[in-house]
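Let's take a friendly walk through a protein together. Have the sequence and the 3D view ready, and follow along as the names come up.

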Amino acid sequence: MYQIAVCDDKEVELDKVENMLASYQKQYTGCSFATRRFADADQLLRAVREGPYMPDLLFMDIYMPGKLGVEAAKELRGMGSGCQIVFLTVSKEYALEAFQVEAVQYLVKPISEKELFPVLDRVRKKAEEERKKCLLLRVGNKICRVALRDIVYCEAQKKCQCMHLADGTQLQLRLTMAKLNEMLAGYQEFSKAGVSYIVNLEHIKSLSTREMQLDNGNKIYLPRGSFQVLREKYFDYYCNEDASNAGGGRMDTGTYPTEAEG
């Protein structure tokens, strides 16, 4: 089931998108959506902030009273949301800002099924690929399925490991850091930072000799001697991503982690 949020201050536009989503589901019976409507950006941000709510896909109007869609999208990214964003608008004025928040599409109204359905095809394919990348973890007496993209970092806490997720959730895991590192070793986006941390390189916002700033607002102070190794792993990972996505994959937003002396 895909969680889809539709945010627009005009009810007629909300109806249009919802109707097109319903039409898409009729054509692709194996696809299931749970759609939630929002009349303005603040309603959406409040639902995510107060949770638990995190859409997989967001259709958002750019021009809305109170707060522009691109401003709301930046706040969502600041909260650690990795949802796929499709902007719906009457103008191309904010196209650059849309790329800066890694929007997957920018559609000019009025939109049609012919324009929307290929976008949904791409979103479904990407979501299915992402959902295959997950860990099955025992948390208390339950088995939880955690998407790798949602893991920001893991921290050693005595006999437990604390896994910090993008939505603010913290999972207490009864296993060793060595075992957790073994589980994540096959994924190049994860790297050790000293003996107490494993970090998802995708979530690093900035990096210096003393600390790293993560996109969920957390800060990790680096153990002595760990910066050089972490920096090299990050840039190796980033360069490999660029090579594999050449010609239309990962967007260049100009927000790479920076090397500074602090």
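Residues 24 or more positions apart make up 53% of the contacts in the protein with a separation of 6 or more, where contact means heavy atoms within 4.5 Å. This is a predicted model, in which local features need pLDDT of at least 70 and side-chain atom pairs count only at pLDDT 80 or more, while totals for chains, interfaces and linings use all residues. Residues are numbered from 1 along each chain as its sequence is written, and side-chain values use heavy atoms, with hydrogens and water left out.

**Confidence and overall make-up**

The average pLDDT of the protein is 82, and 88% of the residues score at least 70; pLDDT is the predictor's confidence in each residue, from 0 to 100. Over residues 242-262, pLDDT stays under 50. Where pLDDT is low, the predicted coordinates should not be read in detail.

The protein has 7 helices and 16 strands. These are DSSP runs numbered from the N terminus: helices are H or I with at least four residues, and strands are E with at least two. Of the 262 residues, 44% are buried. Buried means under 20% relative accessible area, exposed over 50%, and partly exposed in between, with a 1.4 Å probe and protein chains only. The protein exposes about 14100 Å², and carbon and sulfur atoms supply 49% of it; accessible areas come from the Shrake-Rupley method with a 1.4 Å probe, and for residues only the protein chains shown count as cover.

**The cores**

A nonpolar core is a set of buried Ala, Val, Leu, Ile, Met, Phe, Trp, Tyr and Cys residues joined through side-chain atoms within 4.5 Å. How many residues does the largest nonpolar core have? It has 24, and Cys7, Phe38 and Leu44 are among those with the most contacts inside it. At least two residues of this core come from each of β1 (2-7), α2 (41-50), β3 (57-61), α3 (69-78) and β4 (84-89). The most is given by α2, with 5 residues. Leaving aside neighbours within four places in sequence, Cys7 is in contact with residues including Leu14, Phe38, Leu44, Leu58 and Met60. Apart from this core lies another, of 22 residues, among them Leu21, Tyr24, Phe33 and Leu57.

**Two helices side by side**

The axes of α2 and α3 come within 10 Å and cross at roughly 10°. Axes are lines fitted to C-alpha atoms, for helices over the stretch in contact, with angles from 0 to 180 degrees between N-to-C directions. The helices α2 and α3 are therefore roughly parallel to each other, as angles under 35 degrees count as roughly parallel, over 145 as roughly antiparallel, 65 to 115 as roughly perpendicular and the rest as oblique. Ala41, Leu44, Leu45, Val48 and Arg49 in α2 meet Ala72, Glu75 and Leu76 in α3.

**Three buried residues**

| Residue | Place | Relative accessible area |
|---|---|---|
| Glu189 | loop between α6 and β11 | 9% |
| Phe190 | strand β11 | 10% |
| Leu214 | strand β14 | 1% |

Not counting residues up to four places away in sequence, Glu189 touches Lys133, Leu148, Val199, Asn200, Leu201, Glu202 and Tyr237. With neighbours within four places left aside, Phe190 is in contact with Leu148, Ile151, Leu184, Ile198, Val199 and Asn200. The C-alpha atoms of Leu214 and Gly78 are 9.7 Å apart in space, and these residues are 136 apart in sequence.
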